[in-house]
Amino acid sequence: MKEKRKIGLTTAIFIGLILGAVTGILLHYVVPAGPVRDSVVIDGIFYVVGNGFLRLMQMLVVPLVFCSLVCGSMAMGDTKKLGRIGVKTLGFYLVTTALAITAAILTANVIDPGKGLDMTSIETADVAIGERANLADTLLAIIPTNPLHALASGDMLSIILFALFVGVILAGLGESGETVGNFFSQFNDVMMQMTVMVMKLAPYGVFCLTARTFSGIGFDAFVPLLKYMAGVMIALAIQCLVVYMVILRVFTGLSPGKFLKKFLPVMGFAFSTATSNATIPMSIDTLHRKMGVAKRVSSFTIPLGATINMDGTAIMQGVAVVFASQAFGIHLAMADYLTVILTATLASIGTAGVPGVGLITLSMVFASVGLPVEAIALIMGIDRILDMSRTAVNITGDAVCTTIVASQDGAVDREVFNDPEAGAGMEE
């Protein structure tokens, strides 16, 4: 007798989204208003469970981002061993992430995913935002006068800078800093495990958040959600098929078509697992055997990219910012968008390569321009579908960067790259 196949987290969250939407619509149109529906169910059970889950996610933000950044920047310290290769890799990752978030914001402003969705009547108490500083003060505020205060208050830009300093110094200290480095590495493992535990509660949180949202707005949310999905997918396609391929062609002269054809199995694997970390061995092997990229380069750039290069995540955050600002009727000025680009680019450095973790840092990006985190109630369910697509984009960006850096270092065998039979025997 065959054992029943266990439902995966992505499927469970999607089921929670659908059931939550159906439940909310029934409450909105069928169940009459009254103390039981409004006070006990909607503003009682759904509110406590849904917002409790949001608070769990927010609880993870500071320790997760700080530890991930310290560990990631410790790896950056190793760039001294690879000299110019390391500098080029870091530059590529940061520039492409900034391009990705910019493309996402422009695409979203064309599609207007949040228009027609009025969320202000649902969470009016949490929509108000304080006076925002100008861009110059925002840049100065990145430097913390008290790092402990920044950690306690969740000032993420300051936390990011401080974490980068700590990680780079630990890498430079070598063996003398090994004890502290091991502490952060182990604590990072703890936070990863805690993230996995919290994400297991996501189906229930999504159900309650979605049900409460739809109970207030009915069918009005469907079109904005579809527009939000379209915005993310269009921006992902632009980044993967246009930006990456143009850069690859310009800097290497190699065929984008051949690259995509050979790397497609890795993209498929990343899509199915929704985790950049799981694709690291397959990416290195594919680049070496199918495209002739030297492992001495890919063994450095690919793991580093899984840590700091999250273009797909940045794209989701850019579209989500526009979606939330329109849904809550909050106007964002040019300085706000520049702040989002800066914050999302830096936040991508601390986004771990595990499923769904981008949503945790999304609250940080929202906070940088005063957007309420309640918009995540709708985004979360849809995001579990989009997560797989953006992971495929993330690892493609890592591979393109690796190929470019290796090509400029003379570490690409072009005969292997142009050979359609290269690596034909490897397991896919």
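The following exchange discusses a predicted model of a protein.

Trainee: How many helices and strands does the secondary structure of the protein hold?
Mentor: The model is predicted, and the protein has 428 residues, of which 54% count as buried. Its secondary structure comes to 19 helices and zero strands.

Trainee: Among contacts between residues at least 6 apart in sequence, what percentage join residues at least 24 apart?
Mentor: The count concerns contacts in the protein between residues at least 6 apart in sequence. The share of these that join residues at least 24 apart is 84%.

Trainee: Which helix gives the largest share of the largest nonpolar core?
Mentor: This core holds 78 residues, and Tyr 228, Phe 259, Phe 263, Phe 366 and Val 400 touch the most other members. The largest share of the core is 12 residues, and it comes from residues 376–408, helix H18.

Trainee: Which residues does Phe 259 touch, not counting those up to four places away in sequence?
Mentor: Phe 259 is one of the residues that touch the most other members of the largest nonpolar core. Leaving out residues up to four places away in sequence, Phe 259 touches Met 245, Leu 248, Met 291, Thr 396, Ala 399, Val 400, Thr 403 and Phe 417.

Trainee: Why does the span of helix H9 agree with its number of residues?
Mentor: Helix H9 covers residues 178–200, and those buried in it include Phe 184, Asn 188 and Met 191. The expected span is 1.5 Å times one less than the number of residues. With 23 residues, H9 should therefore span 33 Å, and its end C-alpha atoms agree with this, being 33 Å apart.

Trainee: With which side chain does the side chain of Thr 97 make a polar contact?
Mentor: Thr 97 is placed in helix H4, residues 84–111. Its relative accessibility is 0%, under the 20% cut-off, so Thr 97 counts as buried. At 2.6 Å, the partner in the polar contact made by the side chain of Thr 97 is the side chain of Asp 311.

Trainee: Is Asp 112 buried or exposed?
Mentor: Asp 112 is placed in the loop between H4 and helix H5 (124–127). Its phi is near 55 degrees, a positive value in a residue other than glycine. Most residues other than glycine have a negative phi. The relative accessibility of Asp 112 is 18%, under the 20% cut-off, so Asp 112 counts as buried.

Trainee: What percentage of the exposed area of the protein do carbon and sulfur atoms supply?
Mentor: The protein exposes about 18,500 Å². Of this area, the part supplied by carbon and sulfur atoms is 66%.

Methods. Residues are numbered from 1 along each chain as its sequence is written. This is a predicted model: local features need pLDDT of at least 70, side-chain atom pairs count only at pLDDT 80 or more; totals for chains, interfaces and linings use all residues. Side-chain values use heavy atoms; hydrogens and water are left out. A nonpolar core is a set of buried Ala, Val, Leu, Ile, Met, Phe, Trp, Tyr and Cys residues joined through side-chain atoms within 4.5 Å. Buried means under 20% relative accessible area, exposed over 50%, partly exposed in between (1.4 Å probe, protein chains only). Helices (H or I, at least four residues) and strands (E, at least two) are DSSP runs, numbered from the N terminus. Contact means heavy atoms within 4.5 Å. A polar contact is a pair of N or O atoms within 3.5 Å; within protein, one must be able to donate a hydrogen and the other to accept it, and residues adjacent in sequence count only if both atoms are side-chain atoms. Accessible areas come from the Shrake-Rupley method with a 1.4 Å probe; for residues, only the protein chains shown count as cover.
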